[in-house]
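Dear colleague,

Please find below the structure that I am handing over to you, together with its sequence. My findings follow directly after it.

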Amino acid sequence: MPVKAGYFTVPDDPSTPPRLLGSRCEDCGEHFFPRRAVCAKCLSERVVEAPLGPRGKLYSYTFVHFPLFGSMRVEHVGYGVGQVDLPEGPRVQLPLAGKQRNYRVGMALEAELEPLREEDGRDVVIVRFRPVEGAR
């Protein structure tokens, strides 16, 4: 179950990475995340839903040494936050998986789901990015 509906997909196949749910302007082609009702570039109202990612390139990042807000899991005591450039154009800011030493600016990343907490017997998940295998 996504922490907030409408921001990313939760694929049925756990090996399939999630996609961010953005929009694309049918007039100028600009992509946005999160979804928009009006294009911020040309003000057109002809915007359609567009899945984004699941891969991107790390633009910038930092690591926070406090618990992840809303998490009840011990492994969320410290976490990374990255600005990720998606191939469609938007730059998004989302949590990073793993340790600070695993990251460098410019590396390839891929989206994945991470359980944040359990609610009514179901995992509540967030989307985060992790390094693509071999991308150092």
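How many helices and how many strands does the secondary structure of the protein come to? The model, which is a predicted one, has zero helices and eight strands. Read from the N terminus, the elements accordingly run β-β-β-β-β-β-β-β.

Overall figures

The protein has 136 residues, of which 37% are buried. Its exposed surface comes to about 8100 Å², and carbon and sulfur atoms supply 51% of that area. Of the contacts between residues at least 6 apart in sequence, 52% join residues at least 24 apart.

The three-stranded sheet

Strands β2, β1 and β3 form an open sheet in the order β2-β1-β3, with antiparallel pairing. Because β2 and β3 each have a single partner strand, they stand at the edges, and one side of each is left without a neighbour in the sheet. Strand β1 covers residues 20-25 and is joined to β3 by six bridges, the two strands running antiparallel. As an example of the register, Gly22 has Ala50 of β3 as its bridge partner.

The loop between β2 and β3

Several features of the model fall in the loop that connects β2 (31-32) to β3 (47-52). Pro34 belongs to this loop, and the peptide bond that leads from Phe33 to Pro34 is cis, with omega near -5°. Leu43 also lies there. Although Leu43 is not a glycine, its phi is positive, at about 70°. Is Leu43 buried or exposed? With a relative accessible area of 64%, Leu43 is exposed.

Ser44 is found in that loop as well, but Ser44 is buried, with a relative accessible area of 8%. Which side chain does that of Ser44 meet in a polar contact? The partner is Asp27, and the contact is 2.5 Å long. Leaving aside residues up to four places away in sequence, Ser44 touches Cys25, Asp27, Ala37, Val38 and Cys39.

The cysteines

How many disulfides does a search of the whole structure find? The search finds zero. Cys25 is thus unpaired in this sense: the nearest cysteine sulfur belongs to Cys42 and is 3.6 Å away, whereas a disulfide would require the two sulfur atoms to be within 2.5 Å. Cys28 is likewise in no disulfide, and the nearest cysteine sulfur to it, that of Cys39, is 3.6 Å away. As to accessibility, Cys25 is buried, with a relative accessible area of 0%, while Cys28 is partly exposed, with a value of 32%.

Further backbone features

The peptide bond from Gly53 to Pro54 is also cis, with omega near 15°. Pro54 is placed in the loop between β3 and β4, the latter strand covering residues 55-64. A positive phi, of about 55°, is found at Asp120, which is not a glycine. Asp120 sits in the loop between β7 (108-119) and β8, and Asp120 is exposed, with a relative accessible area of 77%.

Val127 and its surroundings

Strand β8 spans residues 122-131 and includes Val127. Is Val127 buried or exposed? Val127 is buried, with a relative accessible area of 5%. Which residues does Val127 touch, residues up to four places away in sequence not being counted? They are Phe8, Pro18, Leu20, Leu94, Pro95, Ala111, Glu112 and Leu113. One of these, Leu20, falls within the residue range 20-25 of strand β1, and Ala111, Glu112 and Leu113 fall within the range 108-119 of strand β7. In addition, the C-alpha atoms of Val127 and Arg19 are separated by 8.8 Å, while the two residues are 108 apart along the chain.

Points to look at in the model

When you open the structure, the following places may serve as an itinerary:

- the cis peptide bonds from Phe33 to Pro34 and from Gly53 to Pro54;
- the positive phi values of Leu43 and Asp120;
- the polar contact between the side chains of Ser44 and Asp27;
- the sulfur atoms of Cys25 and Cys42, and those of Cys28 and Cys39;
- the buried residue Val127 in strand β8.

With kind regards

Note on methods: Residues numbered from 1 in each chain as written. Predicted model: local features only at pLDDT ≥ 70, side-chain atom pairs only at ≥ 80, totals over all residues. Heavy atoms only, no water. Helix = DSSP H or I, 4+ residues; strand = E, 2+ residues; numbered from the N terminus. Buried < 20%, exposed > 50% of the residue type's maximum accessible area, 1.4 Å probe, protein only. Contact = heavy atoms within 4.5 Å. Polar contact = N/O pair within 3.5 Å; in protein donor to acceptor, adjacent residues only side chain to side chain. Areas by Shrake-Rupley, 256 points an atom, 1.4 Å probe, with all protein chains shown as cover. Pairing = 2+ DSSP bridges.
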